[in-house]
Amino acid sequence: MILLDGVTKIYPKDTKPALDNVSLHVDPNEFLFIVGQSGAGKSTLLKMLTKEENPSSGKIIVGGIDLDYVKKRHIPHYRRRLGVVFQDNKLLPSRTVYENVAFALEIAGMSNKEIDRTVPKVLDLVGLLDKSHKFPSHLSGGEIQRVGIARSVARQPKILIADEPTANLDPVTTKEIIDLLKRINDFGTTVLVTTHNDGIVNYLQKRVVTLDHGKIISDQKGKGVYSLEKEEPKPKRKPMPKVTKRPLHSTPVKTPPKKKIIRTI
Amino acid sequence: MDKKSIETKRNTKSHLKTLTKNGKVKKLRTTRRVVKYGTAGFVRNIWLSIAATIVMTITLLILSLTVVANIVLSQTADSLRDKIDITIFFKPQTEDGILTEAKSIMLNDSNVKSVEIANSKEEYQRFLDENTDNEKLMEVLNDEEMQEIMINTMQSTMRIKVKDVDNLDSIKDIVKNNELFKNNLDPEKEPSYDVNQTQIKTITSWANIAKNGGIILGIVFLVISILIIFNTIRMSIFSRREEIKMMKLVGADRHFIRGPFLVEARICGMISGFIAGTAGYVGMLFMTPKLTEYGIDVSVITSIIKSEWIIAVYAALIALGMIIGTFSAKLAIRKYLH
């Protein structure tokens, strides 16, 4: 479904490559985590899959399309085949939940009837049918992320790319989002998720590709795990200085009695 | 190129062909959506829309005022120039035949627009017509003897209207050197062109300033207004740049992204055109009588505002507003579409 062959990306003015000779093959219907520290090259990899960036060298083939041959005029058509969930949601603030999801279908030229049939189903899938007429500013972080997912799957793409979809979300909402992505994967969509969160990686136990300084340092196929501590060892806590604690029920401190105020008229 | 890469290339091309073919959306459906979202955007970003509309209204008013001022000034200058004539005085009792011959000589000059001749009798009649209000003079002229003296002493005249008041040399040349003129001109009364030359030049220069200045001012205001509107629309687009980025990433094409912004700008232009037209119309209704009192020729403006031409003016203002809006919006959004 996705093939990267010796992909290198060097940004202008940078000496070190953001991606260094990366080769990766993702099968159809696979669920893949791409993990790594900040600056490891996760976002660059996704940007190249969405054709926001071009590789300096190497080949990328997505769904049978060699991205080298995708010209400017083809880009919108190519992107319509992908579902993309962004870290910062990128919803249209002046449009309702319904309109945001419908937007993805409108640009593909779907008729209003088809849109009216599809959008409620997708909103039902992400559990936001009752909030379809609300604006993004009236939604919680988790709900906004679910709208983003709904928008990306509305066109039933074969590939779903999610860039840190659980960043800034609490653990409960994170689990909901990951479960949702898992359900989408169960429907037959290839899902690529970049994350920092070792908890969700270990929770799902799917394939995990670890990037470090633009290189793939490990590729664990099936029941992969990821430990954040391996790469970012937490600083050891300094021992608390010893403080002589006062017992809770020690002699209370006497407060001085209030002075009587004599008012004179 | 190996076999595998040739196959990949062929596959890609066929995939892209299918994608483009399937992705071709119905134009009418897309346009309807673009208009819908443009209108919704205008309402939802009402404060920015109001700001843009106000700026555009002021611009259109300034532009139309410049055009009106240009028309009025040059028309006034033209009518003043029409009132100016060069008068050549012939001896009293010059025969009509001589005057007619002199007229035909003068008409041969390319700078001469028209020539009017009057013998002593006709000149006397004109004098009477100009002084009908002067009762004392009329009483004196009632006397037949007096009338005869007047007719006998009154010079025959030739009044010449010229095309270019700055270039009177050829006329002067005829008057000085032509035998017919030399023999019949009244030596006591010099032709009037020397007396009026300064006045003529002043009026001409004012008329030219009005015309050229109006055109330059119009262009300057047009450029300034486009810059102001461009910046107002750019502010609106800048605050929504993330929206544009998102639209691009989910696969919207240029037409779909740019369309609603253009529709918003055109709505602003349409409303501005209508407001500017109405304000201008009401303003002109109040101003024209006062301007006429000051001797300014507003006949063209009056004839426009009191006829069906006013609809054409409205249409032109609305169209101009829409064109300026479209141009500015296209310029402002270009950066974010790349």
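**Pockets and sheets, queried**

Colleague: Helix H11 of chain B gives 6 residues to the lining of the largest pocket, the largest share. What makes a residue part of that lining?

Modeller: This is a predicted model, and the test is geometric: a lining residue has an atom within 4 Å of a pocket point. By that test 24 residues line the largest pocket, and A:Ile75, A:Arg79, B:Lys248, B:Leu337 and B:His338 lie nearest its centre.

Colleague: Which helices each supply at least two residues of that lining?

Modeller: Helix H2 (75-79) of chain A does, together with H11 (241-249), H12 (254-293) and H14 (309-337) of chain B. The space in this pocket is about 770 Å³.

Colleague: How do the residues of its lining divide into nonpolar, polar and charged?

Modeller: There are 9 nonpolar, 2 polar and 13 charged residues. Asp, Glu, Lys and Arg count as charged, so B:Lys248 and A:Arg79 belong to that class, while Leu and Ile count as nonpolar, which places B:Leu337 and A:Ile75 there.

Colleague: And how does the lining of the second largest pocket divide?

Modeller: Here 21 residues are nonpolar, 4 are polar and none is charged. The 25 lining residues include B:Ser64, B:Val67, B:Val68, B:Val313 and B:Leu317, which lie nearest the centre. Val and Leu are on the nonpolar list and Ser is not on either list, so B:Ser64 counts as polar. This pocket holds about 560 Å³, and H3 (46-83), H12, H13 (299-305) and H14 of chain B each give at least two residues to its lining.

Colleague: Turning to the sheets, what is the strand order in the open sheet of 6 strands?

Modeller: In chain A the order is E6-E7-E8-E3-E9-E10, with mixed pairing. E6 (82-85) and E10 (215-220) have a single partner strand each, so one side of each has no neighbour in the sheet, and they stand at the edges. From one strand to the next the twist averages 15 degrees.

Colleague: How do you know that E9 and E10 of chain A are paired?

Modeller: Pairing needs at least two bridges. E9 (residues 207-212) and E10(A) are joined by 5 and run antiparallel, so the condition is met. A:Asp212 stands opposite A:Lys215 in E10(A).

Colleague: What packs on this sheet?

Modeller: Helix H6 (residues 171-186) of chain A does, touching E3 (31-36), E7 (159-163) and E8 (190-195) of chain A, with its direction at about 155 degrees to that of E8(A).

Colleague: Which are the edge strands in the open sheet of chain B?

Modeller: The 3 strands there have the order E1-E3-E2 and pair antiparallel. E1 and E2 are the edge strands, each pairing on one side only. E3(B) forms 6 bridges with E1 (residues 86-92) and 6 with E2 (residues 112-118). B:Pro92 has B:Gln155 as its bridge partner, B:Thr87 stands opposite B:Arg159, and B:Ala118 has B:Thr157 as its partner.

Colleague: Why is E3 of chain B called mostly covered?

Modeller: Buried means under 20% relative accessible area, and 7 of the 8 residues in E3 (155-162) are buried. Helix H4 (residues 96-107) of chain B lies across E1, E2 and E3 of chain B, running at about 170 degrees to E2(B).

Technical notes
Residues are numbered from 1 along each chain as its sequence is written. Chains are lettered from A and ligands numbered from 1 in the order in which they are written. This is a predicted model: local features need pLDDT of at least 70, side-chain atom pairs count only at pLDDT 80 or more; totals for chains, interfaces and linings use all residues. Side-chain values use heavy atoms; hydrogens and water are left out. Buried means under 20% relative accessible area, exposed over 50%, partly exposed in between (1.4 Å probe, protein chains only). Helices (H or I, at least four residues) and strands (E, at least two) are DSSP runs, numbered from the N terminus. On a 1 Å grid over the protein atoms alone, a cavity is a set of points where a 1.4 Å probe fits but cannot get out, and a pocket is an open set with protein on both sides within 12 Å along at least five of seven lines; lining residues have an atom within 4 Å of a point. Grid points are joined across faces, edges and corners, and a volume is the space filled by probe spheres set on the points. Axes are lines fitted to C-alpha atoms, for helices over the stretch in contact, and angles run from 0 to 180 degrees between N-to-C directions. Contact means heavy atoms within 4.5 Å.
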